[in-house]
Amino acid sequence: VDKYIDFALDNNINAFVVDIKDNTSPGYESKVFEKYSKTNYENAASTFDEYKGFIKKLKDNGFYLIGRITVFKDSFFVKDHPEVAIIDTRDSSPFNHNGSYWPSGFQRLVWEFNVELAKEAVKEMGFNEIQFDYVRFPDRTIGLESQGIMNMNNTYDESKAEAIQAFLM
């Protein structure tokens, strides 16, 4: 983290976007991971305290911190909760989209998990704001959906736009 701080100070950078969760790259041993997604917890890059120390060091140097959470692209969460995944109807397994598994944007458990993670990151780590990324459904899948190959696990019979809007609200 020291090299990033030095580089930022030398180049007039005043903010950092720091990954909290990026698909198969969880940042730290989050208490929320421990509760909702053991696989994210077990694959964390840092301990809770190490990560908190990195964030504190950045904040102590005056940087504005944005925590990034990939929401609807999370192979580890799907491993732990295949019941909320987008499903491949050919074999009833989670659908593999370009090497990743996506929990369905229609599923409230996915919403709850990511919101709780964001709240923890702000309260416990001190992030100034949260950037939700991959707040969408997988791209270039209309043909697969129309052929019935993908089951989006749409429990509430919502449009995709309605689901994403409701999550953001």
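Helices (H or I, at least four residues) and strands (E, at least two) are taken here as DSSP runs, numbered from the N terminus. On that basis the protein chain has eight helices and nine strands. The model is a predicted one, so local features need pLDDT of at least 70 and side-chain atom pairs count only at pLDDT 80 or more, while totals for chains, interfaces and linings use all residues. Residues are numbered from 1 along each chain as its sequence is written, and side-chain values use heavy atoms, with hydrogens and water left out.

As for the overall picture, the C-alpha atoms fit a box of roughly 55 × 30 × 30 Å along the principal axes. Buried residues (under 20% relative accessible area, with exposed meaning over 50% and partly exposed in between; 1.4 Å probe, protein chains only) make up 44% of the 169 in the chain. Contacts are heavy atoms within 4.5 Å; of those with a separation of 6 or more, 73% link residues 24 or more positions apart. The chain exposes about 8900 Å², with carbon and sulfur atoms supplying 48% of that area (Shrake-Rupley method, 1.4 Å probe; for residues, only the protein chains shown count as cover).

Now for the inside. A nonpolar core is a set of buried Ala, Val, Leu, Ile, Met, Phe, Trp, Tyr and Cys residues joined through side-chain atoms within 4.5 Å. The largest one holds 40 residues, and Ile 20, Tyr 28, Tyr 51, Phe 72 and Phe 127 touch the most other members. At least two residues apiece come from helices H1 (2–10), H2 (31–36), H4 (48–60), H6 and H8 (160–168), and from strands E1 (15–22) and E3 (64–70). H6 gives the largest share, seven residues. Setting aside residues up to four places away in sequence, Tyr 28 has a long list of partners, including Ile 20, Phe 33, Phe 48, Tyr 51, Leu 117 and Met 125.

Leu 9 sits in helix H1. Beyond neighbours within four places in sequence, Leu 9 is in contact with Asn 61 and Phe 63. Phe 63 is 54 residues away along the chain, yet the two C-alpha atoms are separated by 9.5 Å.

Gln 107 lies in the loop between strand E7 (100–101) and helix H6 (108–125). Gln 107 counts as buried because its relative accessibility is 11%. Its side chain makes a polar contact (N or O atoms within 3.5 Å; within protein, one must be able to donate a hydrogen and the other to accept it, and residues adjacent in sequence count only if both atoms are side-chain atoms) with the side chain of Thr 155, at 2.7 Å. Not counting neighbours within four places in sequence, Gln 107 is in contact with Val 84, Asn 153 and Thr 155.
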